[in-house]
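Open your viewer, load the model and keep the selection box handy. We will walk from one selection to the next, with a short note on what is there at each stop.

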Amino acid sequence: MDFAAIVVAAGSGSRAGTGVSKQWRTVGGKPVARWSVEAFLAAGASRVVAVVPAAEMDTAQALLGDLPGLIMTPGGSTRAQSVMRGLAALSASDAVVMVHDAARPFLNTAHIQALLVGLKEADGAILALPVADTVKRELEANIETAPREGLWRAQTPQAFRTAPLNAAYAAWSDEQAPTDDAGVMEAVGGVVRLVPGDPMLFKLTYPEDFAMAERLAGGARITRTGQGIDAHRLGPGDGVWLCGIKIAHDRELIGHSDADAGLHAITDAILGAIGEGDIGDHFPPTDPQWKGAPSRIFLAHAGELVRRKGGTLVNVDVTLVCEKPKIKPHRQAMREKLAEILALPVDRISVKATTTEGMGYTGREEGILAQAIASVETPA
């Protein structure tokens, strides 16, 4: 089932303490709001709208603007107004929408799929946890125990058919602002199903919540490693392309593209780390459009696939095997070029070189070999 998503990130988060708004604070080295946007993109959302404070659009652009296809829109003074602005930013073709609080960062594809199943025969579906603790109500002079049977703690995301949700918000007239979108749907008689929630989807509200989230962040992501190997023959020419840098030489590497063995090996390493096949699957050598193409296109594509999966490229290590040309004078330029293509700090890029002491095809200067390893962090 196709779906769109609205990530509500327009609140001030005053209970979380002073300083930067809580949706821009980092958990596990990443802004809180980015966790949820990346999770929706990784799960295949057709469109994701981030509703952010009108006064913080520049901050939102700086922290989220590189995510593919993300729409950002300014929020309102209440949560309900922000959700309605998010709905207005969607397309008429978005039949299903999920509304999620950015302050619940540990969203994953399993949560989203469970909601889509729950929505099949209803107007809405929400993630919820049964109340397990004894519930007390404070009275003027005492307290009393409230029955907890049938009580559930609502979480987000909450999934809805878009047209009924729009109609429900249009009909909302209660002076008291709704605390969630299911309440708006309930008020007009819409059918909402409960879907088993997840304690990991807790909401970051108080400063101590961030300390707990920081401890959990390591367990919410996994590190994956991929390896890439590529080799190209040498032929007559005026220079070789290696790791995005052209080195003057009396030979050149022969291939369908620019034959940059270094970039090809790194591309395969990244694709391998995220389980996306190899460079030939994405850029077939039989396709004439890639004839003579700069290999930085292939590497940038691999980096983009990592981001679409909600992942982060951690580091890249490539070794070039050749007798000539000498690599050492060009290593720093190669590192800087790779850092530029992959949007990584230079200190996460390693370029090394070695020879085979005259042995084999690299020793006979018949070709150049490149081997690469890449590490990627992705949602668990």
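## First stop: two crossing helices

Start by selecting helix H3 (residues 79-88) and helix H5 (residues 162-171): their axes come within 11 Å and cross at roughly 140°. Before going on, note that this is a predicted model, in which local features need pLDDT of at least 70 and side-chain atom pairs count only at pLDDT 80 or more, while totals for chains, interfaces and linings use all residues. Residues are numbered from 1 along each chain as its sequence is written, and side-chain values use heavy atoms, with hydrogens and water left out.

Helices (H or I, at least four residues) and strands (E, at least two) are DSSP runs, numbered from the N terminus. Axes are lines fitted to C-alpha atoms, for helices over the stretch in contact, and angles run from 0 to 180 degrees between N-to-C directions. Angles under 35 degrees count as roughly parallel, over 145 as roughly antiparallel, 65 to 115 as roughly perpendicular and the rest as oblique. H3 and H5 are therefore oblique to each other.

Now show side chains. On the H3 side you will find Arg 79, Ala 80, Val 83, Met 84 and Leu 87, which meet Thr 162, Leu 165, Asn 166 and Tyr 169 in H5; contact here means heavy atoms within 4.5 Å. Sorted by class, this contact has six nonpolar, two polar and one charged residues. In that sorting, Ala, Val, Leu, Ile, Met, Phe, Trp, Tyr, Cys and Pro count as nonpolar, Asp, Glu, Lys and Arg as charged, and the others, Gly among them, as polar.

## The seven-stranded sheet

Keep H3 visible and add the strands in the order E5-E4-E1-E6-E10-E7-E11: they make an open sheet of seven strands with mixed pairing. Two strands pair if DSSP finds at least two bridges between them. Strand E5 (70-74) and E11 are the edge strands, each pairing on one side only. On average, neighbouring strands of this sheet are turned by 25° against each other, direction ignored.

Zoom in on strand E4 (residues 47-52), which runs parallel to E5 and is joined to it by five bridges. Ala 50 is a good residue to label, as it stands opposite Met 72 in E5. H3 packs on this sheet, touching strand E1 (4-8), E4, E5, E6 and E10, and its direction makes about 150° with that of E1. Helix H4 also packs on the sheet: it touches E6, strand E7 (124-130), E10 and E11, and its direction makes about 120° with that of E7.

While you are here, select Pro 157, which has its place in strand E10 (residues 152-161). The peptide bond leading to Pro 157 from Thr 156 is cis, with omega near 10°.

## An aromatic pair

What does a search of the whole structure find in the way of aromatic pairs? It finds six. Rings of Phe, Tyr and Trp (its six-membered ring) pair if their centres lie within 6.5 Å; planes under 30 degrees apart count as stacked, over 60 as edge-to-face and the rest as tilted. Select Phe 106 and Phe 202, a tilted pair with 6.1 Å centre to centre and 55° between the planes. Phe 106 lies in the loop between strand E6 (96-101) and helix H4 (109-118), and Phe 202 in the loop between strand E11 (192-196) and helix H7 (207-220), so the pair ties together parts that are 96 residues apart in sequence.

## The five-stranded sheet

Next, show the open sheet with the order E15-E12-E18-E16-E17, again with mixed pairing. Strand E15 (251-253) and strand E17 (349-354) stand at the edges with a single partner strand each, so one side of each is left without a neighbour in the sheet.

Pick strand E12 (residues 221-236) and strand E18 (residues 367-379), an antiparallel pair with 13 bridges. Label His 232, opposite Ile 368 in E18, then Thr 225, opposite Ser 375 in E18. Strand E16 (residues 312-321) also pairs with E18 in the antiparallel sense, over nine bridges, and there Leu 313 stands opposite Val 376.

## Last stops

Select helix H8 (residues 261-273) and helix H10 (residues 296-308), whose axes come within 9 Å and cross at roughly 15°. H8 and H10 are therefore roughly parallel to each other.

Finish at Cys 243, in the loop between strand E13 (239-242) and strand E14 (245-248). Its phi is near 55°, a positive value in a residue other than glycine.
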